[in-house]
Amino acid sequence: MKNLITSATDTRIKNLNASVNDLVWLYRQKTVIFMHLVGMAIALLTPIEEISSGTFIERVVDGVLNVIPMGRNFSVRSTFPELVRLQAAVMTFFIPAILSLYLSSPEFVETKIRMLRIMKSSKTKSLLIHFLPFFAIGCLLSHIFWVEGTEFAVAPFLSSRFFLGVFGPIIFCLAPSGMICGIFVTFIVLFKFWRGIFLNR
């Protein structure tokens, strides 16, 4: 029993260390640093009056949020909804670049190897991993299309421009990119797993 507890604790520590290392690696990349600086600049320096008076910028933001409405949804309870929408729209354009970084990260390769090893060693965990893409897709759709500001009524980034600058790029760019990457890596693992089964027959 003690060995099982120790093993579970070691596994959690390893997963935590891997997540921290992945985040550190990500924030060493120039694209991520630039993305976050742009997000901070929008949150701290943009005059709200300029984006709430029917300007060209507002029309572009509305066009982006008609396709990916998470910025509009999150702005429902914000004290500066125009600013939240603007930052969300701009961060959307960084998603392809951040996604390419996720897919080229050392953790991405390690995750594939670790998931394949888990699937081959445990039928129960293999079954759970088969449901993982559907769960991740649901989370992604919820984050982008369905989550509303009422669910984040006391979130500091909805009432503080500083916290919007800190957390906005994570919520509107890194989080959806990470979820897309999670879906992608799981489908790759499942494909390799089933391909291996059929090749061994």
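Q: What is the accessible surface of the chain, and what share of it belongs to carbon and sulfur atoms?
A: The model is a predicted one. The accessible surface of the chain comes to about 11900 Å². The part that belongs to carbon and sulfur atoms is 68%.

Q: What percentage of the residues in the chain is buried?
A: A residue counts as buried at under 20% relative accessible area. Of the 201 residues in the chain, the buried share is 39%.

Q: How many helices and how many strands does the chain have?
A: From the N terminus on, the elements run α-α-α-α-α-α-α-α-α. The count is therefore zero strands and nine helices.

Q: Among contacts between residues at least 6 apart in sequence, what percentage joins residues at least 24 apart?
A: A contact here means heavy atoms within 4.5 Å. With pairs at least 6 apart in sequence taken as the whole, the part joining residues at least 24 apart is 82%.

Q: How far apart are the end C-alpha atoms of helix α3?
A: Helix α3 covers residues 56-67, which is 12 residues. At 1.5 Å a residue, α3 should span 16 Å. The distance in the model agrees with this: 17 Å.

Q: Which residues of α3 are buried, and over what arc around the axis?
A: The buried residues of α3 are Val61, Val64 and Leu65. They lie on the same side of α3, because the arc they cover is only 95°.

Q: Which residues on the other side of α3 are exposed, and which helices help cover its buried residues?
A: On the other side, Phe56, Arg59, Asn66 and Val67 are exposed. The cover over the buried residues of α3 includes α4 (70-74) and α5 (81-92).

Terms used: Residues numbered from 1 in each chain as written. Predicted model: local features only at pLDDT ≥ 70, side-chain atom pairs only at ≥ 80, totals over all residues. Heavy atoms only, no water. Helix = DSSP H or I, 4+ residues; strand = E, 2+ residues; numbered from the N terminus. Buried < 20%, exposed > 50% of the residue type's maximum accessible area, 1.4 Å probe, protein only. Areas by Shrake-Rupley, 256 points an atom, 1.4 Å probe, with all protein chains shown as cover. Expected span 1.5 Å × (residues − 1). Arc of directions from axis to C-beta.
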